[in-house]
Amino acid sequence: NSFDATEIIHVHKRNEDIVSLRKAVENAFPRSTAGHVRHVVAIPLYDQFPKYDFFLLHRRGRFQNWSMKVGYQCKTTRSYPHKKHAAETKQVRTSVWVEGKCPESRTKDETTHGWEMMDDAELQNFL
């Protein structure tokens, strides 16, 4: 549909977790008044937000609830997630660990503690 839109929202720093972030998106883009908005990139402004740097939320139709499709964690170096930073698999459908310099290749569908890991080609396509 040519009227479907994607928006970006910077979520106030009082939203300190995934549940409150989703609620902020629901308040900013309610079903009845912002039905044309189908995708939202949500960036938490709380500097201690747990595990994620930004999210992609989606809703199928005007009167549907927001679904937390993808959460991203960005690193400036090549690093693997530590066990204590395991992805929130119950609240976020897909979690992607974005390294500053990804290896040229990885085992297909490589995951570490619930995070999907990109190879260099996937990172280039993402960017």
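Biologist: Is lysine 51 buried, exposed or partly exposed?

Modeller: Lysine 51 is partly exposed, with a relative accessible area of 21%. Keep in mind that this is a predicted model.

Biologist: What does lysine 51 form a salt bridge with?

Modeller: Its partner is glutamate 88. The closest N and O atoms are 2.8 Å apart.

Biologist: Where do those two residues lie?

Modeller: Lysine 51 is in the loop between S2 and S3, and glutamate 88 is in the loop between S4 and S5. The pair therefore ties together parts that are 37 residues apart in sequence.

Biologist: And glutamate 88, buried or partly exposed?

Modeller: Glutamate 88 is partly exposed, at 26% relative accessibility.

Biologist: How many salt bridges does a search of the whole structure find?

Modeller: The search finds one salt bridge.

Biologist: Let's move to serine 95. Which strand is serine 95 in?

Modeller: Serine 95 sits in strand S5. It counts as buried, because its relative accessibility is 4% and the cut-off for buried is under 20%.

Biologist: What does the side chain of serine 95 make a polar contact with?

Modeller: With the side chain of tyrosine 52, at 2.6 Å.

Biologist: Which residues is serine 95 in contact with, leaving aside neighbours within four places in sequence?

Modeller: Tyr52, Gly71, Ala87, Glu88, Gly114, Trp115 and Glu116. Glu88 in that list is the salt-bridge partner of lysine 51.

Biologist: Now the strands. How do S4 and S5 run, parallel or antiparallel?

Modeller: S4 and S5 run parallel, joined by five bridges. S5 covers residues 94–98. One bridge partner there is tryptophan 97, which goes with glutamine 73.

Biologist: In which sense do S3 and S4 pair?

Modeller: S3 and S4 are antiparallel, over five bridges. Leucine 57 stands opposite methionine 68 in S4.

Biologist: How many residues of S4 are buried?

Modeller: Six of its eight residues, so to speak of S4 as mostly covered is fair.

Biologist: Aromatics next. How many aromatic pairs are there?

Modeller: The count is seven aromatic pairs. In one of them, phenylalanine 49 and phenylalanine 55 meet edge-to-face. Their centres are 5.7 Å apart, with 75° between the planes. Both phenylalanine 49 and phenylalanine 55 are buried.

Biologist: How do phenylalanine 54 and tyrosine 72 pair, stacked or edge-to-face?

Modeller: They are stacked, at 4.6 Å centre to centre and 15° between the planes. That pair links distant parts of the chain, 18 residues apart. Phenylalanine 54 is in strand S3 and tyrosine 72 is in strand S4. Tyrosine 72 is buried, with a relative accessible area of 10%.

Biologist: Which residues do ring pairs link into a cluster?

Modeller: Phe49, Tyr52, Phe55, Trp97 and Trp115.

Biologist: Last topic, the core. How many residues has the largest nonpolar core?

Modeller: That core has 22 residues. Leu21, Val25, Val40, Ala42, Phe55 and Leu57 have the most contacts inside it. Elements giving two or more residues to this core include strand S1, helix H1 and strand S2. H1 gives the most, with four residues.

Biologist: What does leucine 21 touch, not counting residues up to four places away in sequence?

Modeller: Leucine 21 touches Val11, Asn15, Ala42, Pro44, Phe49, Phe55, Leu57 and Met68. There is also a second, separate core of seven residues. Val98, Cys102, Met118 and Leu123 are among them.

Definitions and conventions. Residues are numbered from 1 along each chain as its sequence is written. This is a predicted model: local features need pLDDT of at least 70, side-chain atom pairs count only at pLDDT 80 or more; totals for chains, interfaces and linings use all residues. Side-chain values use heavy atoms; hydrogens and water are left out. Rings of Phe, Tyr and Trp (its six-membered ring) pair if their centres lie within 6.5 Å; planes under 30 degrees apart count as stacked, over 60 as edge-to-face and the rest as tilted. Buried means under 20% relative accessible area, exposed over 50%, partly exposed in between (1.4 Å probe, protein chains only). Two strands pair if DSSP finds at least two bridges between them. A polar contact is a pair of N or O atoms within 3.5 Å; within protein, one must be able to donate a hydrogen and the other to accept it, and residues adjacent in sequence count only if both atoms are side-chain atoms. Contact means heavy atoms within 4.5 Å. A nonpolar core is a set of buried Ala, Val, Leu, Ile, Met, Phe, Trp, Tyr and Cys residues joined through side-chain atoms within 4.5 Å. A salt bridge is a side-chain nitrogen of Lys or Arg within 4 Å of a carboxyl oxygen of Asp or Glu.
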